[in-house]
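Good morning, and thank you for the time. Please have the sequence and the model open while I go through the sheet, the core and the ligand shell.

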Amino acid sequence: SSNGDTRHFRESSPLQIFVKAKKKINDIFLEINDYVQDSVKYVESIQDYQVLIDSNEVQKIVEYVYKIKGIRDVLARDHMKVAFFGRTSSGKSTVINAMLRDKILPSGIGHTTNCFLQVEGSDNGETYLITEDSAERKNVKSVSRLAHALCEEKLNESQLVRIFWPRDKCSLLRDDVVLVDSPGVDITPNLDEWIDKHCLDADVFVLVAHAQSTLMVTEKNFFHKVSLKLSKPNIFVLNNHWDTSASEPEYIDKARVQHTERAVDFLVKELKVCSQKEAAERVFFISAKECLSARCKEQQGLSIQSGALAEGFPGRYFEFQSFERKFEECISKSAVKTKFEQHSQRGKTVAQDIRLTMDTLYEKSQKLKNDKTEEKKNVYEKLNYTEQRLLILTQQMKEKIQQMVSETEEKVKKALSE
Ligand code: GDP
């Protein structure tokens, strides 16, 4: 059944690399949180023994609770982000719709995207949008309403409108991918502001080019600026509108070779963002329009091959799917690296700091015990007993934390390498 196919596709999707790593890192931080809570309880229980620990040190441990909470909050919001760029009418909105398998973004004549549109999953199954200047959730019932709502807003080209779409309608959204459509790079843009506002946290960039023309200075210029600010951004080049070349078979092979050469040179020699071999897997020839229409037919239970199709449709459809596969692999690996490596580093620092405090505590109580045995035993009988207990407790805590640090390291290593 088509349902089973979808499930199979989802489970084998490379996006699961990110989804699983996120879950693992979440679990690890839950454990770290437990240990931090234990440590807080422990230091608070001994805080009256100022020979062992002073109030600043206690405070420091208590603050780790907030630090860990902060990391966990960021972690919960972490997602994979892909941003689409290209000239007006190159087909950016259509590509996004094809990937989402639904006509979500308005596209075509009269619907030039005049601001940044970000599509992300909504948790409550509702569709709404949020603009930058207010926290109000504006309900949207349909695409035409969405287009209308976007026209009504007085939007500046660098502004961001976030569109929330039900997660269960689309596997990309379900797996925490966020897609960003941009105004055409040819629309007198303030590129630097665009990059600072919308690009610095993107895991993948997709350049949507019109296959009927070569890459232009405006398109190239934008990516030159991006690669100045980000080290080796992941860039895919989609030569869209490839269906329109189908009617010119004598031209098609030559054009493909030429476009490929230029795009690869752009990535390898100009931007220096990847190797020749990698670049060859970043350039695709597709028809977003055909693909979107095929997927809409599929949703209605019709054959994707029905209706009038230009010569060579199956090949182009296959190539679109290859692009999606490579894209999913690239974005999930990149997001795991950029997002989770930082978190795990911070988690490790917290664990190590706590361990250091425990080490110091242990040394101090050890020394105290030795000093005390030098003195007359009977006077300090009672205190000695308490200190003995402290010593044992601290030792246990120290071991626990030590174990946590090495376990965390091990788990993070595993999560990142999978
Ligand atoms: P954007 O401005 O880059 O977002 O471009 P749109 O997605 O709005 O597309 C502009 C126009 O090109 C629309 O009328 C689309 O239907 C059409 N279009 C998009 N992709 C293709 C394609 O692959 N082939 C053809 N023939 N038309 C396309």
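His-210 has Asn-240 in strand 8 as its bridge partner. Strand 7 (residues 204-210) and strand 8 (residues 235-240) run parallel and are joined by six bridges. Helix 8 (residues 217-229) packs on the sheet, where it touches strand 1 (80-85), strand 7 and strand 8, and its direction makes about 170° with that of strand 7. Such angles run from 0 to 180 degrees between N-to-C directions, with axes fitted as lines to C-alpha atoms, for helices over the stretch in contact. Contact requires the C-beta atoms of two residues, placed from the backbone, to lie within 7 Å. Helices (H or I, at least four residues) and strands (E, at least two) are DSSP runs, numbered from the N terminus.

Two remarks on provenance. This is a predicted model, in which local features need pLDDT of at least 70 and side-chain atom pairs count only at pLDDT 80 or more, while totals for chains, interfaces and linings use all residues. Residues are numbered from 1 along each chain as its sequence is written.

How are the nine strands ordered in the sheet? The order is 4-3-5-2-6-1-7-8-9, in an open sheet with mixed pairing; two strands pair if DSSP finds at least two bridges between them. Strand 4 (138-139) and strand 9 (283-285) each have a single partner strand, so one side of each lacks a neighbour in the sheet. Strand 5 (residues 160-166) runs parallel to strand 2 (residues 116-122), with seven bridges between them, and Ser-122 stands opposite Pro-166. With strand 3 (residues 128-131), strand 5 pairs in the antiparallel sense over four bridges; there, Tyr-128 is the bridge partner of Phe-164.

I turn to the core. The largest nonpolar core has 91 residues, of which Val-82, Leu-207 and Leu-238 touch the most other members. Helix 12 (residues 313-374) gives the most to this core, with 13 residues. A nonpolar core is a set of buried Ala, Val, Leu, Ile, Met, Phe, Trp, Tyr and Cys residues joined through C-beta atoms within 7 Å; buried means 20 or more other C-beta atoms within 10 Å of a residue's own, all placed from the backbone. Beyond its neighbours within four places in sequence, Val-82 is in contact with residues including Val-177, Leu-179 and Ile-331.

Finally, the ligand. It is surrounded by 19 residues, the closest being Gly-91, Ser-93, Thr-94, Ser-107 and Lys-289. Helix 4 supplies the largest share of the shell, three residues.

Note on methods
Near = placed C-beta within 6 Å. Buried ≥ 20, exposed ≤ 12 C-beta atoms within 10 Å, placed from the backbone.
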